[in-house]
Amino acid sequence: YNNRFLEVKTRLPPDYVFVEKDLVKTISGRVGRGRVNVLVALQQSPARAEVKIDEFLAAKYWQSLQRLWKKVKAPSPPDPAILLTLPGVMQVSSGQPSAREFKEVLGEALEVALGALEKMREKEGNKLRSYLRKHAKVMLSELAEVKRLLAAGPARGGDASASTVQEEINRLDSHLDQFQEILDKDEPAGK
């Protein structure tokens with residue numbers, strides 16, 4: 001995509017869409033035009049997961065189970081493992097980063113990505129500038145030859161008058177001057 005304007009497309013994890021505005025603002029401050037696609041995916045780390053056991057609630061359940069066992073005179077006592085299946089006793093968090101952690105890590109990753117994009121665009125721009133200068137030089141050389149031939153004698157072999165040919169030469173000369181000025185600027189030139 002080589003848009004004249006900046007278009008930023010984002011795909012963020014649902015719990016973190018609140019950073020989109022800041023993300024677009026940061027990108028807009030560094031990229032002037034084109035299309036930037038941002039895909040952020042979280043990779044869950046089991047090492048970050050947390051398991052919490054509500055010991056107070058588990059003790060209450062255990063007391064109730066013990067009373068029930070005695071009351072119904074069951075042949076074997078309740079298995080303590082059953083406590084882990086009861087509501088609220090065990091809570092497992094995914095270990096997802098906090099909003100602050102997410103913004104911090106995303107900011108660092110975005111800085112690296114934008115730096116790489118700027119380097120790539122600068123390298124591409126320098127190559128294109130060199131390529132275009134080379135071709136402009138050839139055109140200037142050919143134009144000089146046309147001017148020399150025109151000065152040597154009147155136009156032959158067509159119905160175009162010498163003034164019409166001279167007008168087109170002047171127009172091309174002007175376009176090539178403008179083209180050189182654009183290439184000399186140190187800013188995006190657009191389409």
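Guide: Before we start, one term: a residue counts as buried when its relative accessible area is under 20%, as exposed when it is over 50%, and as partly exposed in between. Keep in mind that the model we're looking at is predicted.

Visitor: Okay, which residues are buried in α3?
Guide: Here the term means a relative accessible area under 20%. In a helix like this, a general rule helps: an α-helix has 3.6 residues a turn, so residues three or four places apart point the same way. The buried residues of α3 are F102, L106, L110, L114, A136, L143 and L150.

Visitor: How far apart are the end C-alpha atoms of helix α3?
Guide: Helix α3 covers residues 99-152, which makes 54 residues. At 1.5 Å a residue, the helix should span 80 Å. The distance in the model agrees with that expectation, because the end C-alpha atoms are separated by 77 Å.

Visitor: Is A113 buried, exposed or partly exposed?
Guide: A113 is also part of helix α3. Its C-alpha atom lies 10.0 Å from that of V38, although the two are 75 residues apart along the chain. With a relative accessibility of 44%, which falls between the 20% and 50% cut-offs, A113 counts as partly exposed.

Visitor: Let's go to the strands. Which residue of β2 stands opposite V8?
Guide: Strand β1 (residues 6-11) and strand β2 (residues 34-39) run parallel, joined by six bridges. Near the ends of those ranges, R11 faces L39 in β2. As for V8, the residue opposite is V36.

Visitor: What is the handedness of the β-α-β unit that β1, helix α1 and β2 make?
Guide: The two strands, β1 and β2, run parallel. Helix α1 (residues 20-30) belongs to the unit along with them. The unit is left-handed.

Visitor: Which residues of β2 point to the face where the side chains are buried?
Guide: In a regular strand the side chains alternate between the two faces of the sheet. β2 shows such alternation: R35, N37 and L39 point to one face and are not buried. The buried ones, on the other face, are G34, V36 and V38.

Visitor: And is N37 exposed or buried?
Guide: N37 sits in strand β2, and its C-alpha atom is 17 Å from that of Y16, 21 residues away in sequence. The relative accessibility of N37 is 52%, and the cut-off is over 50%. So N37 counts as exposed.

Visitor: Which element gives the largest share of the lining of the second largest pocket?
Guide: This pocket holds about 290 Å³ of space. Of its 17 lining residues, the closest to the centre are L39, V40, L106, A109 and L110. By class the lining has 16 nonpolar, one polar and no charged residues. β2 and α3 each supply at least two of the lining residues, and the largest share, eight residues, comes from α3.

Visitor: How far is L172 from L140 in space?
Guide: L172 belongs to helix α4 (residues 162-184) and is partly exposed, with a relative accessible area of 32%. L172 and L140 are 32 residues apart in sequence. From C-alpha to C-alpha, the distance is 9.3 Å.

Visitor: Last one: what value is phi of K73 near?
Guide: K73 is found in the loop between α2 (55-72) and β4 (90-93). K73 is exposed, at 69% relative accessible area. Its phi is positive, in a residue other than glycine, and is near 55°.

Methods:
Residues numbered from 1 in each chain as written. Predicted model: local features only at pLDDT ≥ 70, side-chain atom pairs only at ≥ 80, totals over all residues. Heavy atoms only, no water. Helix = DSSP H or I, 4+ residues; strand = E, 2+ residues; numbered from the N terminus. Expected span 1.5 Å × (residues − 1). Buried < 20%, exposed > 50% of the residue type's maximum accessible area, 1.4 Å probe, protein only. Pairing = 2+ DSSP bridges. Right-handed = clockwise from strand over helix to strand, strands pointing away. 1 Å grid on protein atoms, 1.4 Å probe; cavity = no way out; pocket = protein on both sides within 12 Å on 5 of 7 lines; lining within 4 Å. Points joined across faces, edges and corners; volume = space filled by probe spheres on them. Nonpolar A, V, L, I, M, F, W, Y, C, P; charged D, E, K, R; others polar.
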